[in-house]
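Subject: Structure handover

Hello,

Here is the structure for you to look through. Please open it first, then read the notes below with the model on screen.

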Amino acid sequence: MACIVHPVSITADCKTISYTVSAASGTVNILIVAPDLTTYTDTVTITSGSIVGTFLTTTATSQHGVYQIEATDSAGDIGKGAIMSACDLDCCITKKTNELLDCDCDCEKCSALLAQTQKIFIMKQAADYNLEKYNAKTGGYNIAYVSAAQAMYNKILAICNDTCGCDC
């Protein structure tokens with residue numbers, strides 16, 4: 001039986017990542033890579049074909065961004081998964097949308113705010129899509145999908161924090 005990590009999900013408060021590991025009975029080593037590339041390890045024993053694991057993002061020094069999960073079973077088979085912790089981006093989108101509610105329909109400032117909010121939302125959707133492709137093993141476990149999602153997360157965060165230059 002191949003080692004599979006699926007599904008990977010995160011709670012609405014971005015504090016708990018859940019994942020299911022399916023593998024042959026035995027010991028499975030779990031490696032979690034946080035957005036800042038800090039690693040966390042765990043060992044689980046599978047007796048009935050699968051086990052649900054959790055990881056608390058509050059233990060990580062970098063709580064938001066892309067998390068990677070890698071499971072290696074006793075036969076050396078590897079399963080992988082990834083998820084984005086993006087509560088900070090969701091708050092940004094909400095804040096900017098609330099600002100838009102206070103705008104007059106023909107305000108030039110609001111047009112720029114709407115364009116920025118749309119850019120943030122679309123980029124977040126694209127980052128999530130990259131992780132879906134990674135989790136579906138499109139082209140194998142192509143780390144480029146994870147890298148693209150993290151790069152998009154970083155760019156969105158810069159836009160949200162207004163640190164990425166003049167109306168980028």
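**Two loop residues**

L37 counts as exposed, at 62% relative accessibility. Keep in mind that the model is a predicted one. L37 sits in the loop between β3 and β4. Its phi angle is near 70°. That is a positive value in a residue other than glycine.

C14 also has a positive phi, near 60°, and is again a residue other than glycine. Find C14 in the loop between β1 and β2. Is C14 buried or exposed? The relative accessible area of C14 is 6%, and the cut-off for buried is under 20%. So C14 is buried.

**A cis bond**

Go next to H6 and P7. The peptide bond from H6 to P7 is cis. Its omega is near -5°. P7 belongs to strand β1.

**The sheet of 4 strands**

Which order do the strands of this open sheet follow? The order is β4-β3-β6-β7, and the pairing is antiparallel. Strands β4 and β7 stand at the edges. Each has a single partner strand, so one side of each is left without a neighbour in the sheet. From one strand to the next, the twist averages 20°.

Now look at β3, residues 26-33. It pairs with β6 in the antiparallel sense, over 6 bridges. Pick out V28 here: its bridge partner in β6 is D73.

**The sheet of 3 strands**

There is also an open sheet of 3 strands. Its order is β1-β2-β5, with antiparallel pairing. Here β1 and β5 stand at the edges. Each of them has a single partner strand, so one side of each lacks a neighbour in the sheet. On average, neighbouring strands of this sheet are turned by 20° against each other, direction ignored.

Strand β2 covers residues 16-22. How many bridges join β2 and β5? They pair over 7 bridges, in the antiparallel sense. V21 stands opposite I51 in β5.

**The aromatic rings**

A pair of aromatic rings is described by the distance of the centres and the angle of the planes. The structure holds 3 aromatic pairs. Two of them are described here.

Start with Y40 and F55. Their rings form a tilted pair. The centres are 5.2 Å apart, and the angle between the planes is 50°. This pair links distant parts of the chain. Y40 is in strand β4, residues 39-46. F55 is in strand β5, residues 50-56. The two residues are 15 apart in the chain. Y40 is buried, and F55 is buried too.

Move on to F55 and Y67. This pair is tilted as well, at 5.9 Å centre to centre and 55° between the planes. Why does the pair tie together separate parts of the sequence? F55 lies in β5 and Y67 in β6, residues 65-73, so the pair joins parts that are 12 residues apart in sequence. Both F55 and Y67 are buried. Put the rings together, and Y40, F55 and Y67 are linked by ring pairs into a cluster.

**The largest pocket**

Rolling a probe the size of a water molecule over the atoms shows where empty space is left. The largest pocket holds about 180 Å³ of space. Its lining has 16 residues. Which of them lie nearest the centre of the pocket? They are I10, I83, M84, K124 and D128.

The lining divides into 10 nonpolar, 2 polar and 4 charged residues. At least two lining residues come from each of β1 (4-10), β7 (78-85), α1 (87-101) and α2 (108-135). Helix α2 gives the most, with 5 residues.

**One more residue in α2**

Y129 is also found in helix α2. It is partly exposed, with a relative accessible area of 48%. Compare its position with that of I156. The two are 27 residues apart in sequence. In space, they are 15 Å apart, C-alpha to C-alpha.

Best wishes

Definitions and conventions:
Residues are numbered from 1 along each chain as its sequence is written. This is a predicted model: local features need pLDDT of at least 70, side-chain atom pairs count only at pLDDT 80 or more; totals for chains, interfaces and linings use all residues. Side-chain values use heavy atoms; hydrogens and water are left out. Rings of Phe, Tyr and Trp (its six-membered ring) pair if their centres lie within 6.5 Å; planes under 30 degrees apart count as stacked, over 60 as edge-to-face and the rest as tilted. Buried means under 20% relative accessible area, exposed over 50%, partly exposed in between (1.4 Å probe, protein chains only). On a 1 Å grid over the protein atoms alone, a cavity is a set of points where a 1.4 Å probe fits but cannot get out, and a pocket is an open set with protein on both sides within 12 Å along at least five of seven lines; lining residues have an atom within 4 Å of a point. Grid points are joined across faces, edges and corners, and a volume is the space filled by probe spheres set on the points. Ala, Val, Leu, Ile, Met, Phe, Trp, Tyr, Cys and Pro count as nonpolar, Asp, Glu, Lys and Arg as charged, and the others, Gly among them, as polar. Two strands pair if DSSP finds at least two bridges between them. Axes are lines fitted to C-alpha atoms, for helices over the stretch in contact, and angles run from 0 to 180 degrees between N-to-C directions.
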